[in-house]
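Hi everyone, thanks for making time today. I'd like to walk you through a structure that is new to most of us, so please have a look at the screen.

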Amino acid sequence: MSAAARVLELLVERGETLAVAESLTGGLVAAELTSVPGASHSFRGSVTAYATHLKRDVLGVDGVLLAERGAVDPEVARQMAAGVRRVLGADWGMATTGVAGPEPQDGKAVGTVYVAVSGPDGVENMAELRLNGGRADIRKESVRSVLELLSAELGKKARAQDTEQNGGN
């Protein structure tokens, strides 16, 4: 089962929804999710905020943060995930931002990527990636990584709920 199918299956089981904010992946995460039959049961939509001002104006990323650190930053990824969750009214949000190449951006090397998830009850997680390869490889691995990050978070919550339902055993 693909990472996208696993994420969507877990979301359906929980009755929860997902929204995606993408920068360097340019819609590839949404495409991966919507390639799974039945994705509409939990996938609400996505925002491809490739331009920095869209991260601020649409997703609500702090303008001072963007001016000081640029778009390739862990806090930007976190705010993108929280912002898309809020803007699209989803239980979970996830985001990708980084440098796919061929040139460095904002003083960050090609292959520097941040992926983040934001969920119910204040759940937030972020991963910093240092990826190798060409532009297509970096973008593909970014998609896989953000889906795996959300899958891990959903798995944690599922295990906690199972433990609770079984009397803490």
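I'll talk about one strand and its neighbours, and then about a pocket. Please keep in mind that this is a predicted model.

Let's begin with strand E3, which covers residues 92-98. Is E3 enclosed or open? Seven of its seven residues are buried, so E3 is largely enclosed by the rest of the structure. Here is a general point that helps with the next part: in a regular strand, side chains alternate between the two faces of the sheet. In our strand, Trp92, Met94, Thr96 and Gly98 point one way, while Gly93, Ala95 and Thr97 point the other way. The residues on both sides are all buried.

Now, which strands pair with E3? One is E1, residues 18-22, which runs parallel to E3 and pairs with it over five bridges. Within that pairing, look for Val20, which sits opposite Met94 of E3. Another is E4, residues 112-118, which is antiparallel to E3 and joined to it by six bridges. There you can find Tyr114 of E4 opposite Thr97.

On to the pocket. The largest one has a volume of about 160 Å³. Its lining is made of 14 residues, and those closest to the centre are Ser23, Leu24, Tyr50, Gly98 and Gln105. You'll recognise Gly98 from the strand: E3 supplies at least two lining residues, and so does helix H3, residues 52-57. What is the lining like, in terms of nonpolar, polar and charged residues? There are five nonpolar, six polar and three charged ones.

That's my tour, thanks for listening!

Notes. Residues numbered from 1 in each chain as written. Predicted model: local features only at pLDDT ≥ 70, side-chain atom pairs only at ≥ 80, totals over all residues. Heavy atoms only, no water. 1 Å grid on protein atoms, 1.4 Å probe; cavity = no way out; pocket = protein on both sides within 12 Å on 5 of 7 lines; lining within 4 Å. Points joined across faces, edges and corners; volume = space filled by probe spheres on them. Helix = DSSP H or I, 4+ residues; strand = E, 2+ residues; numbered from the N terminus. Nonpolar A, V, L, I, M, F, W, Y, C, P; charged D, E, K, R; others polar. Buried < 20%, exposed > 50% of the residue type's maximum accessible area, 1.4 Å probe, protein only. Pairing = 2+ DSSP bridges.
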